[in-house]
Amino acid sequence: MGQGITLRRRVLLGAPVVLLLAIFVYVVATPSFTLRTHLPVEALNPLRCTWFCHNHGCPHMAKLPAWLTSDAGLFGQTIKALYGLGASISKTRGIGYGLANLLVYCVLWPTVTYALWTVVVGQGATLRRERAKKGSRP
Ligand SMILES: [Zn+2]
């Protein structure tokens, strides 16, 4: 108690944030980076999925099990939930869905992941302190 935050803990807590910002800046600074303003249009390729599958439904045989990839499975339920959340954000379906994606995958998911990381770092510091106490006993 009262030992303050160590340099090791600061580095461990700051590393994900610094790494994320560095990757973001790197990606945005690449010459090929462009902001997408519409869904890409591609032709159907019988050998693999393209944007055609995204935009019109996929006619390919799924390689993963249906409980994961089907409209009734995890994928479909996730999309349905994102549309549901999006409907509460915006009356425009596409905008609401897009904002729901950003909210879930760019705000909530990273926030929860980082919160769990802070717990791990805190528990690691506690374990190190406890081990140091045991090691110092006669
Ligand atoms: Zn496909």
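**Legends to close-up views of a five-helix model**

**View 1. The surroundings of A72.** A72 counts as exposed because 10 other C-beta atoms lie within 10 Å of its own; the class exposed requires 12 or fewer such atoms, buried 20 or more, and partly exposed a count in between, with C-beta atoms placed from the backbone. The model is a predicted one, in which local features need pLDDT of at least 70 and side-chain atom pairs count only at pLDDT 80 or more, while totals for chains, interfaces and linings use all residues. Residues are numbered from 1 along each chain as its sequence is written. A72 sits in the loop that joins α3 (66-69) to α4 (74-89); helices (H or I, at least four residues) and strands (E, at least two) are DSSP runs numbered from the N terminus. The C-alpha atom of A72 is 39 Å from that of L13, a residue 59 positions away along the chain.

**View 2. H60 and its contacts.** H60 belongs to the loop between α2 (51-56) and α3. With 13 other C-beta atoms within 10 Å, H60 is partly exposed. Apart from neighbours within four places in sequence, H60 contacts C49 and C53, a contact being a pair of residues whose C-beta atoms, placed from the backbone, lie within 7 Å. Between H60 and C49, eleven residues apart along the chain, the C-alpha separation is 7.2 Å.

**View 3. Helix α1 and its bend at G14.** Helix α1 comprises 23 residues, 7-29, and its end C-alpha atoms are 31 Å apart, in agreement with the 33 Å expected at 1.5 Å a residue (1.5 Å times one less than the number of residues). At G14 the helix bends by about 40°, and P16, a proline, follows within four residues; the bend is the angle between axes fitted to the seven residues ending at a position and the seven starting there. Zero of the 23 residues of α1 are buried, so the helix lies largely in the open.

**View 4. W109 in helix α5.** W109 is part of α5, which covers residues 93-136. W109 is exposed, having 11 C-beta neighbours inside 10 Å. The C-alpha atoms of W109 and A15 are 17 Å apart, although 94 residues separate the two along the chain.

**View 5. Confidence in α3 and α4.** Among the elements, the lowest mean pLDDT, 93, belongs to α3 and the highest, 96, to α4; pLDDT is the predictor's confidence in each residue, from 0 to 100. The protein as a whole averages 92, and 96% of its residues score at least 70.

Technical notes
Two residues are in contact if their C-beta atoms, placed from the backbone, lie within 7 Å.
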